[in-house]
Amino acid sequence: AGQSSEDSPATIRSPCGPFCPHATIARRLRRPGAHHRPCAVAAPAAPPRPQPRGIPTIDSTRTVFWADDAVQMIDQRLLPARHEVIALRSVDAVADAIRTMAVRGAPAIGAAAAYGMALAARASRAQLSTARTSEPVGMDDSARLRADLDAAAATLIAARPTASNLAWAVARMLDAFERSGGRDTAAMLLAEAEAIADADIATNRRMGAYGAALLPDEATVLH
């Protein structure tokens, strides 16, 4: 008698439920003998390797972020030997970090440039009296602020002229300024920069989730 399909090596049994990720992996691989190992009886996972002192975990780390009224970023020139976060408080400092590759990767560079534009808005002379209130800035102040933002945009783009995310982020920040109508401009531009950085994190997490569903537990991934 032939072997029943229920007992064949290609059969996938999933007592854990139809959405078990292990069953999904086995089903997609379709290797001979690729039986699903129920999660309830699966071997316990290996304990996590201890993190070196001073090195945060991936979940707690952002390459570029805003804190203490400054752009904070991991200095990637020092990795992997050292993990050091630098604070940048001017457009020129952000442009220099981009130019010298302290920040790397197109989305991270875009986020850094967006935060640089937020710094420019906060540092503008037009901000001193009105732009941090709910009152709209006057015509002269608005023109001055736009000129300061245009100068910051030119400085940042010149740091890496071929970086498409950089130019895109700067253009988005200028569009946000035009939409602000001169009200709460500094806060509004900082919120826009945060949205750009958050979107990058969300995209990375989605890519990781999609990739994880395709990898068996014993896989080794080389980057």
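Here is a short chat about a predicted model, going through its sheet, some helix packing and two residues.

Q: Hi! What kind of model is this?
A: Hello! This is a predicted model.

Q: Okay, let's start with the sheet. In what order do the strands come?
A: The order is β1-β2-β3, so to speak: 3 strands forming an open sheet with antiparallel pairing.

Q: Which ones are the edge strands?
A: Those are β1, residues 64-67, and β3, residues 85-88. Each of them pairs on one side only.

Q: And what does the twist average from one strand to the next?
A: The average is 30°.

Q: How many bridges join β1 to β2?
A: There are 4 bridges between β1 and β2, and the two strands run antiparallel. Strand β2 covers residues 70-74.

Q: Which residue in β2 does V64 stand opposite?
A: V64 has M73 across from it in β2.

Q: Which helix packs on the sheet?
A: Helix α3, residues 106-123, does that, and α3 touches β1, β2 and β3. The direction of α3 makes about 25° with that of β1.

Q: New topic, helix pairs. How do people describe two packed helices?
A: By the angle between their axes and the distance between the axes.

Q: Then what are the values for α3 and α6?
A: Helix α6 spans residues 185-212, and α3 packs with α6 at an angle of about 170°, with the axes 8 Å apart. Angles over 145 degrees count as roughly antiparallel, so α3 is roughly antiparallel to α6.

Q: Which residues make that contact?
A: From α3 they include P107, A111, Y115 and R122. On the α6 side, L189, A193, I196 and D200 are among them.

Q: What classes of residue does the contact of α3 with α6 have?
A: That contact has 13 nonpolar residues, 3 charged ones and no polar ones.

Q: While we're on α6, is A199 buried or exposed?
A: In between! A199 sits in helix α6, and A199 is partly exposed because its relative accessible area is 39%.

Q: How far is A199 from P107?
A: Their C-alpha atoms are separated by 9.4 Å, while the two residues are 92 residues apart along the chain.

Q: Last one, L174. Where is L174 found?
A: In helix α5, which covers residues 164-180.

Q: Buried or exposed?
A: L174 is buried, because its relative accessible area is 13%, and buried means under 20%.

Q: What is L174 in contact with, leaving aside neighbours within four places in sequence?
A: L174 is in contact with M117, R146, L149, D150 and A153. Between L174 and R146 there are 8.3 Å, C-alpha to C-alpha, and they are 28 residues apart in sequence.

Definitions and conventions
Residues numbered from 1 in each chain as written. Predicted model: local features only at pLDDT ≥ 70, side-chain atom pairs only at ≥ 80, totals over all residues. Heavy atoms only, no water. Pairing = 2+ DSSP bridges. Axes fitted to C-alpha atoms, helices over the stretch in contact; angles between N-to-C directions. Contact = heavy atoms within 4.5 Å. Buried < 20%, exposed > 50% of the residue type's maximum accessible area, 1.4 Å probe, protein only. Parallel < 35°, antiparallel > 145°, perpendicular 65-115°, else oblique. Nonpolar A, V, L, I, M, F, W, Y, C, P; charged D, E, K, R; others polar.
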